Amino acid sequence: MYQDKATTPGGMTRRGLLGVGAGFGAALGFETLAGCSSRPEPAPVPTSGADLAEPAVLTARNGTLEAELRFAMSRTSIAGTTATVGTVNGTTPGPTLRVAPGDRLRLTVVNDLTDPTNLHTHGLHVSPSGVSDNPFVMIEPGGRHTTEITIPDNHPLGLSWYHPHHHGMVADQVFSGIFGALVVEREPATPPHRVLVVSDITITDGTVAAVSHMERMNGREGQAVLVNGQLRPRLSQAAPQDEVWQLVNACVARYLDLRLDGASLAVVGRDSHRYAAPLPTDRIVIPPGGRVEVLVTSAAGRSTLRAQPYDRGRMGGGMMGGRATTTPVDLLDLVVGTGSAPASAAPPIVGAAAPRDLRSAPVATRRTVRVGSPSMMDLSIDGRTFDPARTDLAPRLGTVEEWTWVNASRMSHPMHLHTWPMQVIEAPWLTAGGPPEWRDVVNVPAGGQVTVRIAFEDFDGRTLYHCHILDHEDLGMMATIEVT
Ligand code: C2O
Ligand code: CU
Ligand code: CU
């Protein structure tokens with residue numbers, strides 16, 4: 001459980017807090033409500049300035065990471081207050097799972113919730129069948145289930161995460177706080193790596209706010225945006241240095257459009273894959289469900305990790321209520337001293353072996369996958385909503401397919417495929433001539449399209465593809481795929 005310094009005696013005074021600036025709510029990470037005041041505002045509690053905490057870490061022993069993950073609503077310190085929220089083993093985020101290629105995961109989910117749940121290891125290229133990463137498993141309230149996953153020896157190094165995946169409950173359970181990071185790494189990881197799970201939540205009357213149907217249609221965005229469960233924590237460094245920040249976008253629907261002025265950034269990896277060399281940037285966009293590993297080279301002084309407003313479109317073009325993201329949100333303060341950099345800092349080992357490139361691979365099948373339509377309120381894939389009994393696509397094992405995701409709707413949809421990673425071939429946001437770009441969530445902008453190639457190899461089985469605006473997924477924007 002996280003201890004927020006500012007809520008303990010001797011923490012930041014109210015006066016000190018008000019000194020933060022005029023945008024009181026915004027300074028705390030709360031967005032201003034635009035035209036929606038029916039719901040009481042959560043009372044902000046001073047926490048700005050608390051030291052960043054990181055989730056507990058669970059690692060493998062003798063090649064197996066064995067752990068119990070208890071999903072429950074429990075009273076915990078979150079977002080600068082104390083509230084009953086979703087937790088894994090008592091905290092949100094839950095523990096970070098760290099494994100190496102070749103390790104096994106033996107994870108027993110204990111369902112202390114009042115609804116069914118299950119576990120998905122988002123980003124792992126592992127079997128989707130049986131007791132492995134099987135999203136069709138259902139764990140009843142009071143029940144338990146053990147997931148057993150073998151991570152292949154040649155699994156890419158990178159950042160994945162885990163969250164519940166029981167259709168109809170996913171957005172509520174993730175929004176409540178049930179998720180955690182999952183890192184595939186060869187130790188030691190240098191420079192120092194740090195997990196930053198970004199999530200959003202709305203807390204009213206000491207618990208997680210319920211949402212309206214319209215919020216579900218648009219995809220809910222919480223009023224508080226948190227890093228590791230904290231409102232705008234502070235990360236202090238005695239001297240300028242290199243760190244790799246492992247950012248997970250665990251928000252149900254919010255896109256993160258991040259800047260960190262005052263430090264230099266280079267993207268090391270996206271989703272479960274790393275680049276052969278870091279890619280310098282000054283802006284990092286992470287769709288819901290996506291991850292980025294970024295090398296942060298700090299400079300003396302103070303800088304703020306800030307999420308800029310991101311236009312992802314609205315159902316009915318904004319005329320149907322709901323709330324647009326219009327205010328920047330300050331996520332974390334980086335405070336760097338003027339000490340001298342660690343003397344013999346080892347050169348960063350951040351790159352990966354040049355990954356396979358499907359751009360020149362023979363394509364067995366080309367498909368178009370239509371997500372939504374110009375008609376309002378259409379949350380379908382190829383004109384249909386989710387039916388677990390129906391198989392929507394059936395690729396052959398051992399082939400490469402090319403899919404073009406076509407989005408004729410007025411909202412962007414971040415489309416996610418389980419098990420088999422997608423190499424992006426063409427996308428409005430893709431830099432021409434760049435290195436291979438691997439994703440498991442691709443943002444398909446409103447009115448746009450994205451072409452990917454997928455190697456259906458290593459694993460057969462039946463699993464899912466869906467929009468990672470988790471409200472859309474729960475409303476049926478999901479389909480089944482069976483590889484044989
Ligand atoms: Cu992150 Cu099908 O999920
Ligand atoms: Cu997934
Ligand atoms: Cu969607």
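Are Trp 403 and Phe 456 buried or exposed? Keep that question in mind while you open the model, which is a predicted one, and select the two residues together: both Trp 403 and Phe 456 turn out to be buried.

**The whole chain**

Before going further into the details, show the chain as a cartoon and look it over, noting that its secondary structure comes to 5 helices and 31 strands. Of the 484 residues in the chain, 57% are buried, and if you switch to a surface view, what you see is about 18,200 Å² of exposed area, of which carbon and sulfur atoms supply 52%. Among the contacts in the chain with a separation of 6 or more, 79% are between residues that lie 24 or more positions apart.

**The aromatic residues**

Return now to Trp 403 and display the rings around it, bearing in mind that the structure holds 6 aromatic pairs. One of them joins Trp 403 to Trp 405 in an edge-to-face arrangement, with 5.6 Å from centre to centre and 65° between the planes, and both of these residues are buried. Another is the pair you began with, Trp 403 and Phe 456, which is tilted, with centres 6.2 Å apart and 35° between the planes. Because Trp 403 lies in strand E24 (residues 399–407) and Phe 456 in strand E29 (residues 449–456), this pair ties together parts that are 53 residues apart in sequence. If you add Trp 420 and Tyr 465 to the selection, you have a cluster in which ring pairs link Trp 403, Trp 405, Trp 420, Phe 456 and Tyr 465.

**The sheet that holds E24 and E29**

Select next the strands of the open sheet in the order E23-E24-E29-E26-E27, where 5 strands come together with mixed pairing. Its edges are strand E23 (365–371) and strand E27 (438–439), each of which pairs on one side only. Follow E23 along its neighbour E24, and you will find that the two run parallel and are joined by 7 bridges; Arg 366 can be picked out there, standing opposite Glu 402 in E24.

**Copper ion, ligand 3**

Move on to the copper ion (ligand 3) and show the side chains that coordinate it, namely His 413 through ND1, Cys 467 through SG and His 472 through ND1, at 2.0 to 2.2 Å. Along the chain these donors follow the spacing H-x53-C-x4-H. Two of them connect distant parts of the chain, since His 413 belongs to strand E25 (residues 413–417) and His 472 to helix H5 (residues 470–474), 59 residues apart. His 413 counts as buried because its relative accessibility is 0%, and His 472 counts as buried because its relative accessibility is also 0%.

**Copper ion, ligand 2**

Select the copper ion (ligand 2) next, where the protein donors are His 120 and His 416, each through NE2, lying 1.9 Å from the ion. This pair too links distant parts of the chain, with His 120 in strand E6 (residues 120–122) and His 416 in strand E25, 296 residues apart. At a relative accessibility of 1%, His 120 counts as buried, and His 416 is likewise buried, with a relative accessible area of 1%.

**A last stop**

To finish, select Arg 220 together with Phe 175, and you will see that the charged end of Arg 220 sits over the ring of Phe 175, 5.2 Å from the centre of that ring.

Note on methods: Residues are numbered from 1 along each chain as its sequence is written. Chains are lettered from A and ligands numbered from 1 in the order in which they are written. This is a predicted model: local features need pLDDT of at least 70, side-chain atom pairs count only at pLDDT 80 or more; totals for chains, interfaces and linings use all residues. Side-chain values use heavy atoms; hydrogens and water are left out. Donors are N, O and S atoms within 2.8 Å of the metal (3.2 Å for Na, K and Ca); water is not among the atoms, so sites may look incomplete. Helices (H or I, at least four residues) and strands (E, at least two) are DSSP runs, numbered from the N terminus. Buried means under 20% relative accessible area, exposed over 50%, partly exposed in between (1.4 Å probe, protein chains only). Contact means heavy atoms within 4.5 Å. Accessible areas come from the Shrake-Rupley method with a 1.4 Å probe; for residues, only the protein chains shown count as cover. Rings of Phe, Tyr and Trp (its six-membered ring) pair if their centres lie within 6.5 Å; planes under 30 degrees apart count as stacked, over 60 as edge-to-face and the rest as tilted. A charge sits over a ring if NZ of Lys or CZ of Arg is within 6 Å of the ring centre and within 35 degrees of the ring normal. Two strands pair if DSSP finds at least two bridges between them.
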